[in-house]
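Colleague: I'd like to learn how to read burial, salt bridges and empty space in a protein model. Could we go through one together?

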Amino acid sequence: MRVNLLGPFEVYAGDACANTAPAAQKVRQILALLALNANRVVRSGQLVEELWEENPPSSVSTALQTYICQIRKKFGLGSPRGDAARRIGAGPTLSTVDGGYQLTLPDDRVDAFRFEPLICRARQEFNAGDFLRARNSVVTAMALWRDSALVDVRKGSILESEALRLNELHNSARHLRIDADLHLGRHHELLSELTSLARLEPTNEGVQRHLMLALYRTDRRADALRAYQRARTAIADELGLDPSPELQALHTAMLNSDDSLLGVPVPLRAVTTTASPTTQVPRHLPPARARLSGRRGQLARAVGALTAPAAGRVVVVNGPLASGKSELCVHAAQEASAHYPDGQLFARLLDGDNRPVDRATVLRSFLRGLGAPDDRLDRDVTDLSLMFRAWTADRRVLVVLDDVTGPDDLAPLLPSGKGCGTLISGRRRLFVASSTEQVELDRLPLDDSLQVLGAAVADHRITMDPEGVRQLAELCHGLPGALLAVASKLRLRPHWTARQAAHRIAESSEAGGDPLGIRSSLERSLTALSADARSAFDTLMAAPGLRGLGVRAAASLLGTSAYRTEELLEELVETHLLRASLPSTAGRFSYTWEPALAALRTRHTTPGVTGRVIPQAIPA
């Protein structure tokens with residue numbers, strides 16, 4: 001019999017692979033409490049307190065005995081009396097002893113009992129200065145966790161206290177692992193995780209201290225000092241306190257460029273030759289470029305799906321050009337990273353020249369991150385994919401795939417473990433049969449667009465010319481990518497007003513420039529088109545004065561049948577280049593260009609279509 005408490009409640013009888021945890025909540029409570037106190041007597045009064053608090057029924061003894069009988073019968077635990085200690089090791093039993101009950105079960109059959117000794121050992125190793133062994137012990141212990149302790153069990157006062165204790169131990173173990181990583185010189189690998197934790201726990205001074213140290217040791221002293229200022233403000237606003245003397249002392253040491261803060265990291269060779277492949281934890285997520293605005297709901301849905309107690313979580317993010325799909329995925333992955341203690345893997349499936357990245361190359365990168373030796377990676381895609389599934393079968397890994405051009409890209413790259421998650425953003429609309437959440441992005445409302453600009457540009461430039469800022473935001477069509485490109489230009493040119501920037505955008509567009517910085521995003525999306533659809537895109541974009549696209553008018557321009565034209569137009573819709581409106585009385589849709597294309601009133605050559613030059617894109 002095995003009992004898992006560190007996440008959803010699981011009970012496995014004998015060698016069975018199926019979870020047989022009772023469905024009735026009171027029976028679950030009793031069995032969970034007995035398992036947490038395995039090989040110790042749980043008094044009947046404790047069980048009554050757990051189940052009914054201060055309002056037990058008049059037939060409480062009968063009810064309790066009924067529940068105990070159900071547990072014995074379901075798991076074949078018998079009904080022995082007498083010396084329970086003598087039977088420990090002779091198979092699980094549920095005994096009636098000394099006015100209570102005792103479940104006899106070896107310690108290694110309860111995940112919580114395996115977790116605590118590992119953490120105790122890790123602390124001893126850390127205190128002895130063996131940071132690598134301490135880290136490996138913590139990683140092994142954290143792999144036992146699947147979610148918050150007893151997350152799906154109704155809790156009375158006793159179980160609530162035990163779950164709180166275990167969850168606090170989990171947080172303490174995480175900080176011990178971070179401390180060990182800092183001693184091992186893994187500052188760069190920690191940044192994305194610590195940034196996410198600091199945002200989630202703004203008043204947790206341990207987290208803020210770790211983030212400040214990691215930033216400082218990666219030559220980002222200004223960012224470390226800004227992290228302190230954010231922490232001080234949060235602590236004052238929420239708690240009405242000053243930072244602790246320890247955090248203030250760290251801030252002062254950073255102001256004074258104290259060399260002792262740099263630490264003495266363990267040489268890389270010592271780490272890589274001693275570490276076991278099974279304990280290597282990859283942290284491949286890129287840093288987030290900007291704070292998200294107007295995407296709180298979509299971010300919450302993505303993070304909620306990635307952290308839900310479901311098996312094989314797959315989240316797909318769809319949206320038009322420059323809508324911030326990649327950035328949302330990075331933010332969501334960082335916030336969910338604590339639920340994937342075995343690592344986070346990241347890959348873009350288009351390279352810098354907009355060519356598809358070989359899937360074997362991606363798999364080799366993933367497997368190296370997980371600790372596979374190079375001499376085992378000289379295989380084809382099929383074998384590497386099988387190897388990747390084997391390596392992720394018992395791990396909790398998050399895989400983030402960006403710039404996906406079609407569903408065929410995905411199959412070799414998906415992890416197999418039930419505790420794994422996958423986050424996908426694509427260059428065309430994707431349907432993944434195994435997805436647990438589809439997140440749709442669209443243009444930001446004007447107020448959110450103004451907030452993006454306001455967060456990135458000095459306040460006085462916003463307040464001096466509010467109408468100019470409004471014009472500037474409207475020119476960006478609610479696209480986060482365009483808004484950030486414009487904000488970047490304003491920061492580089494502080495002498496520009498918002499109104500001047502809006503005028504420059506119009507001039508640059510007429511002169512064939514890319515004022516909103518979205519041409520590269522368009523060119524990456526065009527790689528997802530078939531050759532016929534690319535040709536159709538060229539022809540339709542070059543048609544002067546064409547705003548709406550009816551099927552018959554488009555068919556005349558393309559020289560194809562109405563049916564074939566509609567197929568091509570629908571492919572452009574799937575790739576977020578066109579939008580379809582409601583069908584007419586004749587039953588056919590009409591189409592308009594995505595707003596992002598309105599900014600590309602410029603000469604443009606489609607990748608992969610030699611010599612086809614688009615004189616001018618048509619505003620939406």
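Colleague: Let's start with burial: is arginine 174 buried or exposed?

Modeller: Keep in mind that this is a predicted model. For burial you look at the relative accessible area, and under 20% counts as buried. Arginine 174 has 7%, so it is buried.

Colleague: Which residue does the side chain of arginine 174 meet in a salt bridge?

Modeller: The partner is glutamate 201, with an N to O distance of 3.0 Å. Arginine 174 sits in helix H7, while glutamate 201 is in the loop between helix H8 (187-200) and helix H9 (205-217), so the bridge ties together parts that are 27 residues apart in sequence. Glutamate 201 itself is partly exposed, at a relative accessible area of 23%.

Colleague: How many salt bridges does a search of the whole structure find?

Modeller: It finds 29. Take arginine 427 and aspartate 403, whose side chains meet at 2.8 Å, N to O. The arginine is in the loop between strand E9 (421-426) and strand E10 (437-440) and the aspartate is in strand E8 (residues 398-404), so this pair ties together parts 24 residues apart in sequence. Both arginine 427 and aspartate 403 are buried.

Colleague: And what about arginine 429 and glutamate 440, how do their side chains meet?

Modeller: In a salt bridge too, at 2.9 Å from N to O. Arginine 429 lies in the loop between E9 and E10, and glutamate 440 in strand E10, so the parts they tie together are 11 residues apart in sequence. Here arginine 429 is partly exposed at 39% relative accessibility, and glutamate 440 is partly exposed at 36%.

Colleague: Which residues are linked in a network of salt bridges?

Modeller: Arg135, Arg177, Asp181, Arg186 and Glu193.

Colleague: On to empty space. How many cavities of 30 Å³ or more does the structure hold?

Modeller: Rolling a probe the size of a water molecule over the atoms shows where empty space is left. This structure holds 2 such cavities. The largest cavity has a volume of about 140 Å³. It is lined by 13 residues, and the closest to its centre are Met142, Arg177, Glu193, Arg283 and Pro341. Arg177 and Glu193 also belong to the salt-bridge network. Helix H6 (131-142) and helix H7 (157-183) are the elements that give two or more residues to this lining, which divides into 6 nonpolar, 3 polar and 4 charged residues.

Colleague: What volume does the second largest pocket have?

Modeller: About 800 Å³. Of its 29 lining residues, Glu10, Tyr12, Arg146, Lys418 and Gly419 are the closest to the centre. Strand E1 (2-4), strand E2 (10-12) and helix H5 (111-127) each give two or more residues to the lining, and the largest share, 3 residues, comes from E1. By class, you get 11 nonpolar, 5 polar and 13 charged residues.

Colleague: Back to single residues: where is glutamate 594 found?

Modeller: In the loop between strand E13 (590-593) and strand E14 (604-605). Its relative accessible area is 5%, so glutamate 594 is buried. A polar contact of 2.9 Å joins its side chain to that of arginine 579.

Colleague: And alanine 288, what is it in contact with beyond its neighbours within four places in sequence?

Modeller: Glu327, Val330, His331 and Gln334. Alanine 288 is in the loop between helix H12 (268-274) and helix H13 (296-307). With a relative accessible area of 31%, alanine 288 is partly exposed.

Terms used:
Residues numbered from 1 in each chain as written. Predicted model: local features only at pLDDT ≥ 70, side-chain atom pairs only at ≥ 80, totals over all residues. Heavy atoms only, no water. 1 Å grid on protein atoms, 1.4 Å probe; cavity = no way out; pocket = protein on both sides within 12 Å on 5 of 7 lines; lining within 4 Å. Points joined across faces, edges and corners; volume = space filled by probe spheres on them. Helix = DSSP H or I, 4+ residues; strand = E, 2+ residues; numbered from the N terminus. Nonpolar A, V, L, I, M, F, W, Y, C, P; charged D, E, K, R; others polar. Buried < 20%, exposed > 50% of the residue type's maximum accessible area, 1.4 Å probe, protein only. Polar contact = N/O pair within 3.5 Å; in protein donor to acceptor, adjacent residues only side chain to side chain. Contact = heavy atoms within 4.5 Å. Salt bridge = Lys/Arg side-chain N within 4 Å of Asp/Glu carboxyl O.
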